[in-house]
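Me: Please teach me how to read a protein structure, one feature at a time. I would like the general idea, then the case in front of us.

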Amino acid sequence: MCRWFAYLSTTEPCLLEDVLILPDHAIAKQVHDRFLPYLFHFEPGTDHKSTKKEMSLRNSPYNLDGLGLVWYTTARADFGECTGPRPVTYKILRQPQTDPTFQSLCSGTTAHAVFAHIRAASAASAITTYNAHPFTFGRHAFMHNGAVGHFARIQRALALRLSDGAHALVRGTTDSEALAALFFTYLEEGRGDAAWDAAHPLEELKRCLERAIATVLELQREAILGNPKEGAMEASSLNVAVTDGEQLLAIRFRNHATEHPPSLYLSTQAGVALNRKFPGHPDRAGVDNGVQNLKVEEEHGDHVIIASEPTTYKEEDWELIPKNCCIMVGRDMVIKRAPVDVQF
């Protein structure tokens, strides 16, 4: 499975180098390492070894198949072309630690909204920049960790559900991009693809994502349960994040009674240690990020980080998002939690 990292703050920009590269467990280094506090891997009625193996399968330490980065700027708005921030994208297939452009971008770029994703491709999926997340539709960015069960069996039927505009923007071959296109199909319904350049209430984004997931499960049931030769229906792991640069929605979902999705964590404190202007260090106590503390901790703006794995050493600054839970962060930085309303 993949790993992803999301940062949002309306008042406190982050330096990309501080959040994505410098920490010992930054996402740029999660190509070969894991840090999973609080993760629960025991399933009732099964032995400990098999459930630990099951957990590892959905939290692979080997994410070598591409990095994608989206950060938001107001450059186009400053020139009168739009209202609000718009995404800038950079994607590579090499390891991020060896890419000089990625290093340079991160060392010289700040943003209030950042998405980063490292990919572990499935056996049937091509390793290409088109398949690297995040995927952008208008002002929105979408990224996914997990897998759509039986995707090869439902891929064609799913494509037939897409709007012309969403289908035209699909460049790759992944289940993730197909799910994204279905979500944005529902978001534009009755309004056209101009809806992707508009901001929408988080509750509407949630409904569209739930509808997309329900459609996927419906297509799976039609393809698998109607054909005895297919065997049992596989569950899907859908850890998804969506942002318009000012709001953030994320879910941790798996349609199984006992199995858990890949890990997903939330923090409203870690950003202080991930910002060199402030006291503290992401990796150890008693050390500061920079040569001087320009601000005190209390001056740091409200922020939310949602990530597949914690990127700072203080476990108490992070919480494991419960299974089948939706997190919504508005422009006021208020966090709302709700169950993912999908029946299975």
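Me: Which residues of α5 are exposed?

Reply: Exposed means over 50% relative accessible area, buried means under 20%, and partly exposed is in between, with a 1.4 Å probe and protein chains only. Ala152 and Arg156 are exposed, on the other side of α5 from its buried residues. Before we go on, remember that this is a predicted model, in which local features need pLDDT of at least 70 and side-chain atom pairs count only at pLDDT 80 or more, while totals for chains, interfaces and linings use all residues. Residues are numbered from 1 along each chain as its sequence is written, and side-chain values use heavy atoms, leaving out hydrogens and water.

Me: And which residues of helix α5 are buried?

Reply: First, the labels: helices (H or I, at least four residues) and strands (E, at least two) are DSSP runs numbered from the N terminus. In α5, which covers residues 151-159, the buried ones are Phe151, Ile154 and Leu158. Looking down the axis of α5, these buried residues fall within an arc of 80°, so they line one face of the helix. That arc is taken from the directions from the helix axis to the C-beta atoms.

Me: What do the buried residues of α5 pack against?

Reply: Here we look for contacts, meaning heavy atoms within 4.5 Å. The buried residues of α5 pack against α7 and against α8, residues 202-225.

Me: How many residues does helix α7 have, and what span does it reach?

Reply: The expected span of a helix is 1.5 Å times one less than its number of residues. Helix α7, residues 175-188, has 14 residues and reaches 20 Å from its first C-alpha to its last, close to the 20 Å expected. Of its 14 residues, 14 are buried. Just after α7 comes Gly190, with a positive phi of about 80°.

Me: How do I read a core, and how many residues are in the largest nonpolar one?

Reply: In soluble globular proteins, nonpolar side chains tend to be buried together. A nonpolar core is a set of buried Ala, Val, Leu, Ile, Met, Phe, Trp, Tyr and Cys residues joined through side-chain atoms within 4.5 Å. The largest one here has 41 residues, and Phe142, Phe183 and Ile251 have the most contacts inside it. Its largest share, eleven residues, comes from α8. Apart from this core lies another, of 26 residues, among them Ile92 and Ala111.

Me: Now for sheets. In what order do the seven strands of the open sheet come?

Reply: Strands of a sheet pair through backbone hydrogen bonds, either parallel or antiparallel. We call two strands paired if DSSP finds at least two bridges between them. The order here is β4-β3-β6-β1-β12-β11-β13, with antiparallel pairing. Strands β4 (86-92) and β13 (319-320) stand at the edges with a single partner each, so one side of each has no neighbour in the sheet.

Me: How many bridges join β11 to β12?

Reply: Three bridges join β11 (residues 265-267) to β12 (residues 304-307). One residue to find is Ser267 in β11, which stands opposite Ile305 in β12. Ser267 is buried, with a relative accessible area of 0%.

Me: Which backbone atoms lie by the side chain of Ser267?

Reply: A polar contact is a pair of N or O atoms within 3.5 Å; within protein, one must be able to donate a hydrogen and the other to accept it, and residues adjacent in sequence count only if both atoms are side-chain atoms. The backbone nitrogen of Ala270 lies 2.9 Å from a polar atom of the Ser267 side chain. For the backbone oxygen of Asp317, the distance to a polar atom of that side chain is 2.7 Å.

Me: Which strands form a hairpin with five residues between them?

Reply: That is β14 and β15, and Met333 in the turn has a positive phi of about 65°. Five bridges join these two antiparallel strands, and Cys325 has Pro339 in β15 as its bridge partner. In the loop between β13 and β14 you will find Asn324, with a positive phi of about 60° although it is not a glycine.

Me: Which peptide bond is cis?

Reply: The bond from His133 to Pro134, with omega near -5°. Pro134 sits in the loop between β6 (113-118) and β7.
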